[in-house]
Amino acid sequence: MLCLCIEATNPSIPTPGVLLARIDADGRPEVLGERHLATKSGRHDDPLMPAIAEACGGVPPSDVDEVLVSIGPGGFTATRIACATAATLAELAGAALLACPAALVAARGGGAAPGRAAIVLLAGKRDTAYATRVDGSMTAAGRTVDADGFADLVEAGDAVLADEHLPEPIAERARQLGLAIEPISLTPRGLLACRPVAARIDPAHLRPIYPREPEAVTQWRARHGRAPGD
């Protein structure tokens, strides 16, 4: 079968991208085409669909059997574009839709050795970040934490993975605990490696992981108040 992988949740982390892979009868993947996404683009210039077209070459969307997408947490706009694109393509192609948290991609794609647990810190803002503990069996549970919450979550021997937006209080607590913070890698090949543990989901029910109210919504409510029933 053919699997289209979309990892585009965090444009500030190097090498986001898409790929098309053939999955053999034993579940082994072979990458047929891959395209990276520019980490910087204009607000009205989304590179995702052109990259998908290039990665797929001449393969029509109707030939895709699975669409595997990373669902964040990540940038508000980037994550929603990735999820909306994946759901639309799966619906149009009649393909299975598979969803995978970005923390699993980070743990599988680098930083955490097989069997080693990892704390993946994403979506940092002010004094908090979304922390996901990924265990050796690639199951994950996440929540928003401050420095004290991070200290309660981490255990001896854990790998700690974070991006450039990690709040300084959490970084300082990691240093106090003697923990080295390793950079996060989010790639379509890392996402493909997570295919066996990704969740199959109805396109209509796909939702990104976003740990806080979007800043645009917060600012709108500050100016205009909450709408009735909100």
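Buried here means under 20% relative accessible area. Keep that cut-off handy for the exercises below, and remember that this is a predicted model.

**Exercise 1. Work out how strand β5 sits in the structure: how many of its residues are buried, and which way do they point?**

Step 1: Start with the count. β5 covers residues 96-100, and 5 of the 5 are buried, so the strand is largely enclosed by the rest of the structure.

Step 2: Now split the strand by side. Ala96, Leu98 and Cys100 point one way, while Leu97 and Ala99 point the other way, and all are buried.

**Exercise 2. Find the strands that β5 pairs with, and give the sense of each pairing.**

Step 1: Take β4, residues 66-70. It is joined to β5 by 5 bridges, and the two run parallel. To get the register, look at Glu66, which is opposite Ala96 of β5.

Step 2: Trace the connection. Together with helix α2 (residues 76-93), β4 and β5 form a β-α-β unit, and it is right-handed.

Step 3: Move on to β11, residues 199-200. This pairing with β5 is antiparallel and has 2 bridges. Here Leu98 has Arg200 as its bridge partner.

**Exercise 3. Do the same for strand β1: is it covered or open, and what are its partners?**

Step 1: Count again. β1 spans residues 2-7, and 6 of its 6 residues are buried, which leaves the strand mostly covered.

Step 2: Check each face. Leu2, Leu4 and Ile6 lie on one side, with Cys3, Cys5 and Glu7 on the other; both faces are covered. Yes, the buried set includes that glutamate, Glu7.

Step 3: Look up the partners. With β2 (residues 17-23), β1 pairs antiparallel over 6 bridges, and Cys3 is matched with Ala21. With β4, the pairing is parallel and has 4 bridges, with Ile6 and Val69 as one bridge pair.

Step 4: Put the pairings together. β4 pairs with β1 and is also joined to β5.

**Exercise 4. Aspartate 163: buried or exposed, and what does its side chain reach?**

Step 1: Locate the residue. Asp163 is in the loop that links β9 (159-162) and α5 (168-176).

Step 2: Apply the cut-off. The relative accessible area of Asp163 is 11%, and buried means under 20%, so Asp163 counts as buried.

Step 3: Follow the side chain. It comes to 3.0 Å from the backbone nitrogen of His165.

Step 4: List the neighbours. Leaving out residues up to four places away in sequence, Asp163 touches Asn10, Ile13, Leu121, Leu122, Ala123 and Ile184.

Key:
Residues are numbered from 1 along each chain as its sequence is written. This is a predicted model: local features need pLDDT of at least 70, side-chain atom pairs count only at pLDDT 80 or more; totals for chains, interfaces and linings use all residues. Side-chain values use heavy atoms; hydrogens and water are left out. Buried means under 20% relative accessible area, exposed over 50%, partly exposed in between (1.4 Å probe, protein chains only). Two strands pair if DSSP finds at least two bridges between them. A crossover is right-handed if, with the strands pointing away from the viewer, the path from the first strand over the helix to the second runs clockwise. A polar contact is a pair of N or O atoms within 3.5 Å; within protein, one must be able to donate a hydrogen and the other to accept it, and residues adjacent in sequence count only if both atoms are side-chain atoms. Contact means heavy atoms within 4.5 Å.
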